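This report walks through one protein model, from its overall make-up to its core, its main pocket and a handful of individual residues. Please keep the sequence and the coordinates at hand while reading.

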Amino acid sequence: MESSLRARIRAGDASAFAELFDQYARSVYNHAFRLTADWSTAEDVMAATYLQAWRSRERVGEEGGSLRPWLLGIATNEARNHTRGNRRYRAAASALAAAELTEPDHADAVAGRLDDGARITAAIGALALLRRQEREVVTLCLWEGLDYESAARALGVPIGTVRSRLSRARTRLRDLVDAPRRTSRAPADTPPGAAGRLTRNQDGPAGQVEGGVVRLTQEGNR
């Protein structure tokens, strides 16, 4: 079925693109939102993604699996064009948190909410701690569930690069979350470095996704 869809898309069949939109629009939109932290910008990215997909339809291979990684790769590139640098992303993330998602109906009307407002805000807050390249890998591998090979194709980088970026992202998230907790929880007479041992030994792997949000620590760390 997917190979038939690929052939129709390569041939410029408009109905095939309608099917492609119906199948993956929500996934593309949610991915765009995670990379831009703005619902309106995510709409623009989604529209630009499908426009670019139409323009580059001849690049679609005759054989292959789902076209979702291809679309997510295009969406990632379009998101870069709409949000340049971490400063703009963090500003959008701060605005999102300040607004406390006061317009949820708008998001529902377009492609459905990712999750409740608190989880969305927490997820974007975690992503804002990362560099752009790390954020892209986290959203593709941990939220969208792409394997390393599919993520590498989507980003146009080697598989080893995906692995290393994801590893750095997990380490960065863990370190950023551990730092304030070590400061606040360590007794006054705790030797240097001991606070890190007290908390880090309880930590789970940073970057796991649970309920639409990056789960940074285990239940035991309250």
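Helices and strands are taken here as DSSP runs, with at least four residues of H or I for a helix and at least two of E for a strand, and they are numbered from the N terminus. The model is predicted, and local features are reported for it only where pLDDT is at least 70. Read in that way, the sequence follows the pattern α-α-α-α-α-α-α-α-α-α-α-β-β, which comes to 11 helices and two strands.

**Overall make-up**

The protein has 222 residues, of which 44% count as buried. Its exposed surface is about 11400 Å², and carbon and sulfur atoms supply 48% of that area. Among contacts between residues at least 6 apart in sequence, 66% join residues at least 24 apart.

**The nonpolar core**

In soluble globular proteins, nonpolar side chains tend to be buried together. The largest nonpolar core of this model holds 49 residues, and the members that touch the most other members are Ile 9, Leu 20, Tyr 50 and Val 138. At least two residues of this core come from each of α1 (2–10), α2 (14–36), α3, α4, α7 (117–127), α8 (132–143), α9 and α10 (159–185). Which helix gives the most to this core? That helix is α2, with 10 residues.

Tyr 50 can be followed further through its contacts. Setting aside residues up to four places away in sequence, Tyr 50 touches Phe 17, Leu 20, Phe 21, Tyr 24, Ala 25, Val 28 and Leu 71.

**The largest pocket**

Rolling a probe the size of a water molecule over the atoms shows where empty space is left. The largest pocket found for this model has a volume of about 400 Å³. It is lined by 22 residues, and those closest to its centre are Pro 69, Trp 70, Ile 74, Arg 153 and Ala 154. Both α4 (68–82) and α9 (148–155) supply at least two residues of this lining, and α4 gives the most, with seven residues. By type, the lining residues divide into seven nonpolar, 10 polar and five charged.

**Residues in the helices**

Four residues, each in a helix, are set side by side below, with a C-alpha separation for each.

| Residue | Helix | Relative accessible area | Partner | C-alpha separation |
|---|---|---|---|---|
| Ser 3 | α1 | 34%, partly exposed | Leu 67 | 9.7 Å |
| Phe 33 | α2 | 0%, buried | Met 46 | 9.3 Å |
| Val 45 | α3 | 0%, buried | Phe 33 | 8.6 Å |
| Arg 165 | α10 | 10%, buried | Glu 134 | 5.5 Å |

Val 45, in helix α3 (residues 39–55), counts as buried because its relative accessible area of 0% falls under the 20% cut-off. Leaving out residues up to four places away in sequence, Val 45 touches Ala 32, Thr 36, Ala 75, Glu 78, Ala 79 and His 82. Phe 33, 12 residues from Val 45 along the chain, is likewise buried, with a relative accessible area of 0%, and Phe 33 is 13 residues from Met 46 along the chain.

Arg 165 also counts as buried, since its relative accessible area is 10% and the cut-off lies at 20%. Beyond its neighbours within four places in sequence, Arg 165 is in contact with Gln 133, Glu 134, Val 137 and Val 157. Of these, Glu 134 lies 31 residues from Arg 165 along the chain.

Is Ser 3 buried, partly exposed or exposed? At 34% relative accessibility Ser 3 counts as partly exposed, because that class lies between the 20% and 50% limits. With residues up to four places away in sequence left out, Ser 3 touches Glu 62 and Glu 63, and Ser 3 is 64 residues from Leu 67 in sequence.

**A residue with positive phi**

Most residues other than glycine have a negative phi. Ala 37 has a positive phi of about 60° although it is not a glycine. Ala 37 is placed in the loop between α2 and α3, and it counts as buried because its relative accessibility is 3%, under the 20% cut-off.

Methods
Residues numbered from 1 in each chain as written. Predicted model: local features only at pLDDT ≥ 70, side-chain atom pairs only at ≥ 80, totals over all residues. Heavy atoms only, no water. Buried < 20%, exposed > 50% of the residue type's maximum accessible area, 1.4 Å probe, protein only. Contact = heavy atoms within 4.5 Å. 1 Å grid on protein atoms, 1.4 Å probe; cavity = no way out; pocket = protein on both sides within 12 Å on 5 of 7 lines; lining within 4 Å. Points joined across faces, edges and corners; volume = space filled by probe spheres on them. Nonpolar A, V, L, I, M, F, W, Y, C, P; charged D, E, K, R; others polar. Core = buried A, V, L, I, M, F, W, Y, C linked by side-chain atoms within 4.5 Å. Areas by Shrake-Rupley, 256 points an atom, 1.4 Å probe, with all protein chains shown as cover.
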